[in-house]
Amino acid sequence: MDRTDRKETDSGNALHLRSVCQSDMDLLFAWANDDAVRKNAFHTEKIPYENHVKWFSKVLLDESVYQYILCEGECPIGQIRLNVENGAALIDYSICAAKRGKGYGSKLLQLIQQQVISDKISGVTKLAGQVKYENTASARAFERCGFIRTEKPEYIQFELEM
């Protein structure tokens, strides 16, 4: 499916997802380098802008990667990315600092489930997320959305059959 064919789940002031576009590059760079995001990431070092630009350009062209911005009306609140391989979509998501602790993580995970179905994304049959043990907020968000928790040596694996 061509990226321009991806549709939003809603419009107006309601929470909805929209596909990431080129103009989101700097917003995603700022969010990715937020101190809390880096702390909860598996690679904790800050991301140089040049590296982000190369990565972002590659992601926009990658047919196995789907990335969305969570918006309330026109206000961006967070991002979610799906890396799809063999029917499984590995989730990476974050919420902007001003909106954390307000339940947006769970709402984002609920919306991405609907998006996978509405976009018929690459035959995805399973959503998965990997969360550091100390990231209790993200773990709670996955659990609230019905993901099954499996403890691994270095992280918690969350999975949901679609």
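Y93, F142, F147 and F158 come together as one aromatic cluster, a handy place to start in this predicted model. Within the cluster, F142 and F158 form a stacked pair, with 5.1 Å from centre to centre and 10 degrees between the planes. F142 belongs to helix α5 and F158 to strand β7, so their pairing ties together parts that are 16 residues apart in sequence. Both rings are out of the way of solvent by the figures: F142 is buried at 2% relative accessible area, and F158 is buried at 0%. Y93, for its part, touches Q79, I80, G105, L108, L109, S138, A141 and F142, leaving aside residues up to four places away in sequence.

Y93 also leads into the largest nonpolar core, which has 31 residues; L70, L82, I91, Y93 and L127 are those with the most contacts inside it. At least two residues of this core come from each of β1 (15-19), β2, β3, β4 (88-95), α4 (104-119), β5 (126-131), α5 (136-144) and β7 (156-161). Helix α4 gives the largest share, six residues. Apart from this core lies another, of nine residues, with M25, F56, C71 and C96 among them. Such groupings fit a broader pattern: in soluble globular proteins, nonpolar side chains tend to be buried together.

M25, a member of that other core, brings helix α1 into view. In α1 (residues 25-32), the residues M25, L28, W31 and A32 are buried. They cover an arc of only 130 degrees around the axis, which puts them on the same side of α1. An α-helix has 3.6 residues a turn, so residues three or four places apart point the same way. The cover over the buried residues of α1 includes α2 (35-40), α3 (49-61), β2 (65-72) and β3 (75-85).

The count of aromatic pairs comes to six. One of them joins W55 and F56 in a tilted arrangement, 6.5 Å centre to centre with 45 degrees between the planes. The two partners sit differently with respect to the surface: W55 is partly exposed at 32% relative accessibility, whereas F56 is buried at 0%.

Stepping back, the protein has five helices and seven strands, arranged from the N terminus as β-α-α-α-β-β-β-α-β-α-β-β. Its radius of gyration is 15 Å, close to the 15 Å given by the globule rule for 162 residues, so the protein is as compact as a globular protein of that length. Buried residues make up 44% of the 162 residues. Among contacts with a separation of 6 or more, 60% link residues 24 or more positions apart.

How values were computed. Residues numbered from 1 in each chain as written. Predicted model: local features only at pLDDT ≥ 70, side-chain atom pairs only at ≥ 80, totals over all residues. Heavy atoms only, no water. Buried < 20%, exposed > 50% of the residue type's maximum accessible area, 1.4 Å probe, protein only. Helix = DSSP H or I, 4+ residues; strand = E, 2+ residues; numbered from the N terminus. Arc of directions from axis to C-beta. Contact = heavy atoms within 4.5 Å. Core = buried A, V, L, I, M, F, W, Y, C linked by side-chain atoms within 4.5 Å. Rg over C-alpha atoms; globule rule 2.2 N^0.38 Å. Phe/Tyr/Trp six-rings, centres within 6.5 Å; stacked < 30°, edge-to-face > 60°.
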